[in-house]
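Student: I'm new to this one, and I'd like a close look at a single part: its aromatic rings. Could you walk me through them and then show me what else is worth looking at?

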Amino acid sequence: MSTIDAIALKLCDDKSTIQLLYAFNSVGKTRLSVAYKDVTKEDGAHTGIYYNAYSEDLFVWNNDIENDGANVRLAVLPSSLSRLHSDLNELDIHAKLKPYRVKFDFRFVMHPDPEMGIESISFFPAGTQSSDVPSMKISRGEERIFVWCFFLAMMEVEGWADIQTNHIFIDDPVSSLDDHNIFVTASTLYDLIETHFGERKIIITTHHFGLFSILSNWLKKGEKSAQFEDKIRTSILSRKQGEVSLETYRSDVFLYHLRVLQLLEKTRQENGVRAYHFALLRQVLESVSSFLGTGRISHVLKHIGYGDVDEVARIVNTLAHKNVYYYESDLLVPDSLALFDEILEKLNTKYGFITHVG
């Protein structure tokens, strides 16, 4: 058992290049990011960059109530990054937003003093001219996506990430997001890891076990997992009787494959299967293959009754690839939907998994 400050020191001393932490809400993830920031300062200056709840708190809605919301906008509070806003290109944020397929556009309103940066951001329906329609308020999930993409773009502006180069600490960028956007965010984090791997330590904390599992899977079992071998540590941050502990993650702790199977079965019953659900199905196949000691989903496919396992595995791997649901439509053709149903049924028949979705 320990304290948040002690765990921050432990993370600082750990030689793993990538540290992925799961924790329930209220355990102290945000406080851990602040403690890590404090313990890694040199001569009072930050040595790394951070994204956490305080980053999101810089964006506050001005609902313009006195004018019935005629000029509703997202105000940007002053911060140490304000002086860099003038170098931020709106097109770069649009590029970060594209995979999320958002249905809004935006416009910056700059402060008269360049050192104060962006004063506010106005949002409009996608495809309209901002001069033709009044500004609108976007949803909480859309706001989280926008702020995350804003910071992703800020990381490429000279004067911040290129100066504070020791580490990147990302705390829970997925609140209020649906499954598709969880997958896209996981992909943006994976890209961030690839970009900075070997140059700086990267710490990611999350309360969303899906995000935790996806990233862990890509880093430990994905196409490029060899380069991350022995450089990644996955841990569970928990709190008991007022104290916190950091424990090495074991894949069997949460029986996550059963929770995923419940989700997939519910989605199938509701006719809501999309391309990204194949990525979840593949995770279940990989969990079973690991339990069987093979590490290959083709072995599981053979075990549940498929003959041409290589062809089925190829289709599953193709449909589970992030680019399928990252850039393209996530709708599936009838043959793919039929394959999804068939694999799920064969899994449940062969292994007797409990997938009650009451």
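Tutor: Let's start with one idea we'll need right away: a charge sits over a ring if NZ of Lys or CZ of Arg is within 6 Å of the ring centre and within 35 degrees of the ring normal. Keep in mind that what you're looking at is a predicted model. With that in hand, find Tyr 306: Lys 346 lies over the face of its ring, at 5.1 Å from the ring centre.

Now for rings that pair with other rings. The cut-off here is that the ring centres lie within 6.5 Å of each other, and this rule gives a count of 21 aromatic pairs. Take Phe 106 and Phe 108 as one example: their ring centres are 5.6 Å apart and their planes sit at 45°, so this pair is tilted. Planes under 30 degrees apart would have counted as stacked, and planes over 60 as edge-to-face. Are these two buried or exposed? Phe 106 has a relative accessible area of 5%, so it is buried, and Phe 108, at 10%, counts as buried too.

Next, look at Phe 146 and Phe 150. Their ring centres lie 6.3 Å apart with the planes at 45°, so this pair is tilted. Both residues belong to helix α5 (residues 140-154), and they are four residues apart, about one turn of the helix. Phe 146 has a relative accessibility of 0%, so it counts as buried; Phe 150 is buried as well, with a relative accessible area of 2%.

Which bigger group do these four rings belong to? Ring pairs link Phe 106, Phe 108, Phe 146 and Phe 150 into a cluster that also includes Tyr 51, Phe 59, Trp 61, Phe 104, Phe 123, Trp 148, Phe 151 and Trp 160.

One member of that cluster, Trp 160, leads us on, as it is touched by Ile 49. Ile 49 lies in strand β2 (residues 49-51) and, at 1% relative accessibility, counts as buried. Apart from residues up to four places away in sequence, Ile 49 also touches Met 155, Ala 161, Gln 164, His 167, Ile 168 and Phe 169. Met 155 is 106 residues away from Ile 49 along the chain, yet their C-alpha atoms are separated by 8.5 Å. That kind of link fits a wider pattern: among contacts in the chain between residues at least 6 apart in sequence, 70% join residues at least 24 apart.

Let's move on to Thr 165, found in the loop between α5 and β7. Its relative accessible area is 31%, so Thr 165 is partly exposed. Leaving aside neighbours within four places in sequence, Thr 165 is in contact with Thr 47, Glu 199 and Arg 200. The C-alpha atoms of Thr 165 and His 196 are separated by 9.6 Å, with their positions 31 residues apart along the chain.

Past β7 you come to Asp 172, in the loop between β7 (167-171) and α6 (179-196). Most residues other than glycine have a negative phi. Asp 172, however, has a positive phi of about 50° although it is not a glycine. This residue is buried, with a relative accessible area of 8%. Asp 68 also has a positive phi, of about 55°, and it lies in the loop between β3 (59-62) and β4 (73-76). At 76% relative accessibility, though, Asp 68 counts as exposed.

To finish, step back to the helices. The chain has 14 helices and 10 strands, and buried residues make up 49% of its 358 residues. Helix α1 (residues 4-13) and helix α2 (residues 29-39) pack at an angle of about 60°, with their axes 8 Å apart. That makes α1 oblique to α2, and their crossing is right-handed. Among the residues that meet there are Ile 4, Ala 8 and Leu 11 in α1, and Leu 32, Ala 35 and Tyr 36 in α2.

Then there's helix α12 (residues 309-320) and helix α14 (residues 334-351), whose axes come within 12 Å and cross at roughly 110°. So α12 and α14 are roughly perpendicular to each other, and this crossing is left-handed. Here Val 312, Ile 315, Val 316 and Leu 319 in α12 meet Ser 336, Leu 339 and Ile 343 in α14.

Conventions:
Residues numbered from 1 in each chain as written. Predicted model: local features only at pLDDT ≥ 70, side-chain atom pairs only at ≥ 80, totals over all residues. Heavy atoms only, no water. Phe/Tyr/Trp six-rings, centres within 6.5 Å; stacked < 30°, edge-to-face > 60°. Buried < 20%, exposed > 50% of the residue type's maximum accessible area, 1.4 Å probe, protein only. Helix = DSSP H or I, 4+ residues; strand = E, 2+ residues; numbered from the N terminus. Axes fitted to C-alpha atoms, helices over the stretch in contact; angles between N-to-C directions. Parallel < 35°, antiparallel > 145°, perpendicular 65-115°, else oblique. Left-handed = near helix turned anticlockwise from the far one by under 90°. Contact = heavy atoms within 4.5 Å.
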